[in-house]
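Please open the structure in your viewer and keep the sequence panel beside it. The tour below moves from the whole chain to its interior and then out to the surface.

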Amino acid sequence: MTEFPKNLSPKRVLKLLKSEKSPHSALALFDSATRHPGYAHSPDVFHHILRRLVDSRLVSHVTKIVQLIETQKCNCSEDVALTVIKAYAKNSMPEKALDSFQRMKHIFGCEPGIRSYNTLLNAFAESNRWEQAESFFKYFETVGMKPNLQTYNILIKIACKRKHFEHAKLLLDWIWKTGLHPNVQSYGTLINGLVKGGNLVVALELFDEMFKRKVIPDVMCYNILMDGFFRKRDFVKANEVWVRLLEDSSAYPNSVTYNIMINGLCKCGKFDECFRIWERMEKNDRVKDLFTYSSMIHGLCEAGNVGGAERVYNELVESGVMVDVVTYNSMLNGYCKAGKIEKCFELWKMMEKEGCINVVSFNILIRGLLENRKVDEAMNLWGILPEKGCSADASTYGVLIHGLCKSGYLKKALDILKGAELGDGKVDSFGYSSMIDGLGKQGRLDEVAGLISRMIKCGCKLNPYVCNPLIHGFIQASRVDDAVQFFRGMDSMGYSPTVVSYNILISGLCKAERFGEAYCFLKEMLEKGWKPDIITYSLLIKGLFQGKNVDMALSLWHHVLDKGFKPDVTMHNIIIHGLCSVGKVEDALQLYSKMRQRNCAPNLVTYNTIMEGLYKVGDYEKASEIWTRISIDGLQPDIISYNITLKGLCSCGKISDAVGFLDDALVRGILPTVITWNILVRAVLTSGFNTAVWI
């Protein structure tokens with residue numbers, strides 16, 4: 001406790017307060033002086049202590065000091081009142097800020113000026129009290145308070161927070177018209193708002209306007225734009241802004257700039273450019289902070305360059321900068337992805353020694369061990385998690401269940417899931433979907449149905465990773481009715497089918513030759529406003545052709561064209577195959593000739609399908625033309641092409657030509673298959689012994 005002289009002066013108290021580094025100690029000293037007999041604080045003492053109580057942990061003491069000012073009837077300057085209003089504003093206490101403003105004369109003995117008006121306006125802005133802010137601004141005019149540039153800057157900030165960017169731009173133009181000159185804060189606030197709103201084009205136009213209007217941008221304006229472009233993964237534009245900054249003689253890159261560049265370049269995979277920035281930072285004596293090193297380590301690890309990340313990590317350790325758990329986790333993740341398990345455990349020991357392990361660290365290492373088939377080690381790590389003061393979160397359960405299922409340890413995964421359900425563990429949709437996928441692949445579909453009920457009961461929402469594999473599993477197990485029943489019940493379980501869900505079901509129904517139902521589901525999609533994609537139509541058309549529903553298939557094909565879809569080569573091949581399968585080879589050829597008009601290049605499957613169709617109808621000459629076309633289009637025939645040709649030639653009695661094609665295949669290094677020899681042997685047996693001798 002500080003010993004005060006009998007005749008204590010405010011000057012002495014102020015000196016003692018300034019010598020106290022801790023706000024808590026300063027407050028204790030202030031309180032002690034308050035109780036000193038015959039002593040009264042001066043405005044300067046009040047101002048000093050109030051400035052030190054702006055922090056959220058100390059702001060509650062501001063009210064007590066304001067009451068003391070009022071009780072003591074100490075006439076203070078507007079600066080003291082401003083400090084109080086700013087403290088309340090910073091801590092989202094607009095009502096207290098308003099009360100201090102309204103009673104300023106009574107409490108502080110001074111009248112509010114434009115600075116006080118602006119500070120209260122800003123308090124409303126910071127607390128998102130838009131209507132109060134607008135009403136208060138109108139009050140300016142009522143009392144004859146003329147707005148200044150700071151007022152308009154606050155109004156621009158309010159407009160940006162409300163995403164009213166056009167209004168903010170009108171305010172900026174209005175400032176010019178009033179004869180005031182917008183400053184870098186005026187433009188910077190609007191540029192920042194536009195960038196956060198994703199409107200980088202207008203933000204850049206505004207930035208260019210600054211130069212035309214002779215408003216000199218500061219490095220923060222450059223930083224905002226570069227960060228915005230990098231978040232959009234637009235390396236080119238971000239780099240253009242960087243080059244402009246280097247050419248600007250009035251602004252210089254700061255540590256934040258370098259961090260933005262390094263972080264952004266890493267995320268864009270531009271590591272050569274990143275290292276150049278790194279070297280420039282060293283050359284210009286810019287201090288690398290933890291964010292700089294962490295960004296580089298994270299980026300290199302994500303790109304698989306663990307060696308580079310390790311070098312940066314070693315430099316970080318040597319620099320003396322304190323490594324945090326986020327950086328350790330990035331390095332740990334890099335080692336895991338590279339399969340460097342020994343390195344993982346070496347780093348883990350270091351993390352344990354430094355006390356830098358959290359649940360994310362466990363999640364990373366458990367996932368890495370499971371991905372590298374180290375199941376026992378992963379389970380051991382899972383077992384010590386509580387000892388390290390960590391509680392498993394939903395990600396931990398998800399990583400563990402997913403990894404165990406993938407490694408074939410379904411029983412262990414189920415035990416962990418049940419343990420979580422019975423205890424305090426929390427399993428999210430990822431954990432359940434991994435378990436459901438694992439059970440589904442083993443055909444344990446009835447267990448899956450029960451697990452889905454438990455999943456919903458635990459408050460987890462169904463997702464495509466749960467529903468779609470289950471529908472597919474039912475279809476694979478020839479339980480199409482169960483697939484349809486589950487599909488129909490999805491809405492009641494809180495999940496609406498997607499286009500992919502419909503595609504899986506339509507495909508399954510077509511394979512089961514239930515074409516009418518498949519077509520009904522397509523109509524249902526359209527009625528619900530879903531837009532079937534090319535895959536949907538392709539699956540259904542293929543199924544209709546397989547079921548010999550040619551007219552319905554072609555009707556659907558014309559529907560696709562009428563809707564403005566651009567059929568891909570797969571869909572064209574389905575139609576061509578369908579037409580050839582029912583002997584409509586001329587129609588197939590017409591479709592083939594139209595493919596190029598639709599900017600759809602035929603592939604080898606197209607040519608193979610048409611050749612097979614032509615040989616089936618005995619058109620040897622046209623089939624030969626198609627063969628020639630394969631080479632003209634720069635494609636290489638495969639064994640399927642040769643088998644189709646051999647079978648076609650043999651069926652036309654041209655066995656010697658077929659043998660010539662076999663020789664050609666061997667010269668090209670294409671090995672015959674069992675099908676190839678079956679075709680030739682059958683042809684020889686059919687044509688007689690003489691041909692066999694000739695061969």
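How much accessible surface does the chain have, and what share of it belongs to carbon and sulfur atoms? In this predicted model, the accessible surface comes to about 35,600 Å², and 53% of that area belongs to carbon and sulfur atoms.

Begin with the whole chain in cartoon view, where the secondary structure consists of 41 helices and zero strands. The chain is more spread out than a compact globule, because its radius of gyration is 38 Å, well over the 26 Å that the globule rule gives for 695 residues. If you turn the model along its principal axes, the C-alpha trace spans about 135 × 65 × 60 Å. Among contacts with a separation of 6 or more, 59% are made by residues 24 or more positions apart.

Next, go to the interior, bearing in mind that 48% of the 695 residues count as buried. Select I69, F108, I191, M435 and I541, which touch the most other members of the largest nonpolar core, a set of 238 residues. Then center on I69 and show its neighbors: leaving aside residues up to four places away in sequence, I69 touches F46, L50, C74, C76, V80, I107 and F108.

Finally, move to helix 40, which covers residues 674-687 and contains L685. Is L685 buried or exposed? L685 counts as exposed because its relative accessibility is 68%, the cut-off for that class being over 50%. Add W677 and V681 to the selection, and you will have the three residues, L685 included, that make a nonpolar surface patch of about 340 Å².

Key
Residues are numbered from 1 along each chain as its sequence is written. This is a predicted model: local features need pLDDT of at least 70, side-chain atom pairs count only at pLDDT 80 or more; totals for chains, interfaces and linings use all residues. Side-chain values use heavy atoms; hydrogens and water are left out. Patches are made of residues with over 30% relative accessible area and no salt bridge: like charges are joined within 9 Å, nonpolar side chains (Val, Leu, Ile, Met, Phe, Trp, Tyr) within 5 Å. Accessible areas come from the Shrake-Rupley method with a 1.4 Å probe; for residues, only the protein chains shown count as cover. A salt bridge is a side-chain nitrogen of Lys or Arg within 4 Å of a carboxyl oxygen of Asp or Glu. Helices (H or I, at least four residues) and strands (E, at least two) are DSSP runs, numbered from the N terminus. Buried means under 20% relative accessible area, exposed over 50%, partly exposed in between (1.4 Å probe, protein chains only). The radius of gyration is taken over C-alpha atoms; the globule rule is 2.2 Å times the number of residues to the power 0.38. Contact means heavy atoms within 4.5 Å. A nonpolar core is a set of buried Ala, Val, Leu, Ile, Met, Phe, Trp, Tyr and Cys residues joined through side-chain atoms within 4.5 Å.
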